[in-house]
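Work through the exercises below with the sequence and the model open side by side. Try each task before you read its solution.

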Amino acid sequence: MSPRPRPSRRPRGPRPLRPAVVLAAGLALVGLLPAPAVAGGRPAAPDLQQRLQELVDTPGGPPGAIVVLRRGRHTEVVRAGVAELGGRAPRSTDYMRIASAAKAFSGAVALRLVDRGVLGLDDTVGQRLPGLPADWHAVTLRQLLQHTSGLPDYSNSADFRAVITADPHHVFDSRHLLDYVAGEDLLFTPGSRYAYSNSDNIAVALMAEAATGRPYEQLLARLVYRPLGLHETSLPQGYELPEPYLHGYDTVLPDPPVDVSTLFGASGAWASGGIVSTPRDLAAFIRAYGGGRLTGPEVRQQQRTFVEGSSEPAGPGTNAAGLALFRYTTRCGVVYGHTGNTAGYTQLAVATPDGSAALAFSVTEQVSQSTRPALLARLRAVQEDFVCALLDDRGH
């Protein structure tokens with residue numbers, strides 16, 4: 001196992017930010033120099049290259065984009081734009097924040113423990129975490145993983161917002177993030193409907209810790225990183241990123257893009273969105289996880305029982321929610337995976353149901369329905385084109 005990269009000793013401080021940028025990006029926690037290129041194996045189809053370049057060239061679009069496609073032993077990398085303004089093209093080994101795609105990792109930990117009989121999908125918060133509010137005690141692990149728990153989202157708490165707006169580098173006690181909403185009632189009867197909540201995956205990680213007596217970070221290493229050979233993935237606490245990294249930007253025309261890569265630390269997102277990885281590692285992870293290779297058939301069947309619900313942001317096609325996994329039904333077929341966004345980054349990672357192929361699609365700008373609806377629609381359309389190429393190629 002290669003040594004973990006050390007964070008840069010010379011973190012690049014972000015330029016002064018518009019106050020609205022700090023607040024809007026904080027709530028998501030939980031004319032460029034294009035350099036299009038293709039690497040690895042045969043060249044990418046010209047239409048895919050063109051589509052990715054057009055996304056980067058969109059006014060107010062992401063400064064950089066990279067897609068890693070894995071089919072069998074073949075890896076293909078399509079990229080456009082730059083890893084840093086004025087610099088080189090993105091690489092599959094560049095570090096980045098994977099945002100809510102980290103929820104798939106907490107799902108992997110929990111479901112592997114379920115597969116081993118250490119946890120049960122119907123274990124309740126009251127059984128595993130009796131110190132949490134009594135009103136939450138009937139919530140099950142299954143409901144947490146499927147976002148049907150009704151837990152209020154700590155990242156929407158006024159107190160949490162105030163802390164992170166005043167000091168974006170504030171180091172939170174990650175295991176007490178739910179304290180911000182401990183005085184609130186459930187939003188609805190557990191299991192009665194779907195509502196995406198960052199609180200859910202914090203509780204998932206806490207239940208895994210309670211069941212094993214081990215820190216969540218150790219569980220990630222034992223159950224996910226090592227078995228899959230993910231040497232470029234970690235869950236830090238601070239705001240620094242290992243080098244080299246994809247620089248994430250806030251782009252609001254007519255102002256120039258603002259580098260927000262190190263604006264926030266990871267402690268305020270933790271198991272809900274704090275993981276740092278690379279496009280290469282993310283593709284390898286989702287191929288195993290989305291392809292159902294980390295658990296046995298019984299747990300996999302439970303995981304793939306879907307309800308109506310979208311990831312955040314929505315992925316390509318029609319979305320449905322399983323257990324820490326989303327089904328994306330595109331015009332070309334079905335893939336399983338997860339999305340995520342945070343300050344400077346938007347992610348999609350998906351795999352075919354049998355794990356024969358997968359892709360990781362990363363752009364260096366936060367794109368969401370609430371802030372950039374038109375750009376999100378365009379991004380989803382390009383993502384669907386790549387999914388179709390993945391599925392079509394697999395069939396030949």
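**Exercise 1. Find how β10 and β11 are joined, and which strands β10 pairs with.**

Solution. Step 1: β10 and β11 form a hairpin, with two residues between them. Helices (H or I, at least four residues) and strands (E, at least two) are DSSP runs, numbered from the N terminus. Two strands pair if DSSP finds at least two bridges between them. This is a predicted model: local features need pLDDT of at least 70, side-chain atom pairs count only at pLDDT 80 or more, and totals for chains, interfaces and linings use all residues. Residues are numbered from 1 along each chain as its sequence is written, and side-chain values use heavy atoms, with hydrogens and water left out.

Step 2: count the bridges. β10 and β11 (residues 333-342) are antiparallel, over five bridges. Tyrosine 328 stands opposite valine 335 in β11.

Step 3: turn to β9 (residues 318-321). It pairs with β10 in the antiparallel sense over four bridges. Here alanine 320 stands opposite arginine 327 of β10. The β9 and β10 hairpin has four residues between the strands, and in it alanine 324 takes a positive phi near 55°.

**Exercise 2. Sort the side chains of β10 (residues 326-330) by face.**

Solution. Step 1: recall the rule. In a regular strand the side chains alternate between the two faces of the sheet.

Step 2: apply the burial cut-offs. Buried means under 20% relative accessible area, exposed over 50%, partly exposed in between (1.4 Å probe, protein chains only).

Step 3: sort. Phe326, Tyr328 and Thr330 point to one face and are buried. Arg327 and Thr329 point to the other face and are not buried.

**Exercise 3. Describe the hairpin of β2 and β3 and the salt bridge between arginine 71 and glutamate 76.**

Solution. Step 1: β2 (residues 64-71) and β3 pair in the antiparallel sense over eight bridges. Glycine 64 has glycine 81 of β3 as its bridge partner.

Step 2: look at the turn. Two residues lie between the strands, and glycine 72 has a positive phi near 55°.

Step 3: check burial. Six of the eight residues of β3 (residues 74-81) are buried, so the strand is largely enclosed by the rest of the structure.

Step 4: find the charged pair. A salt bridge is a side-chain nitrogen of Lys or Arg within 4 Å of a carboxyl oxygen of Asp or Glu. Arginine 71 and glutamate 76 form one, with their closest N and O atoms 3.0 Å apart. Both residues are buried.

**Exercise 4. Check the lengths of α8 and α9 against their residue counts.**

Solution. Step 1: set the expectation. The expected span of a helix is 1.5 Å times one less than its number of residues.

Step 2: test α8 (residues 216-228). Its 13 residues should span 18 Å; the end C-alpha atoms are 17 Å apart, which agrees. α8 bends by about 30° at arginine 222. The bend at a residue is the angle between axes fitted to the seven residues ending there and the seven starting there.

Step 3: test α9 (residues 279-290). Its twelve residues should span 16 Å, and its end C-alpha atoms are 16 Å apart, which agrees.

Step 4: compare surroundings. The buried residues of α8 include Leu219, Leu220 and Leu223. The buried residues of α8 pack against α3 (102-115), α7 (198-212) and α9. In α9, eleven of the twelve residues are buried, so α9 is largely enclosed by the rest of the structure.

Step 5: look past the ends. Glycine 229 follows α8 with a positive phi near 65°. Glycine 292 follows α9 with a positive phi near 75°.

**Exercise 5. Locate arginine 300 and list its contacts.**

Solution. Step 1: arginine 300 sits in helix α10 (residues 297-303). At 23% relative accessibility, it counts as partly exposed.

Step 2: leave aside neighbours within four places in sequence. Arginine 300 is then in contact (heavy atoms within 4.5 Å) with Gly292 and Thr295. Its side chain reaches the backbone oxygen of glycine 292 at 2.7 Å.

**Exercise 6. How many salt bridges does the whole structure hold, and which residues form a network?**

Solution. Step 1: the search finds twelve salt bridges.

Step 2: Arg51, Glu54, Arg331, Glu384 and Asp385 are linked in a network.

Step 3: take one pair from it. The closest N and O atoms of arginine 51 and glutamate 54 are 3.8 Å apart. The two are three residues apart in helix α2 (residues 46-57), so about one helical turn separates them.

How values were computed:
Polar contact = N/O pair within 3.5 Å; in protein donor to acceptor, adjacent residues only side chain to side chain.
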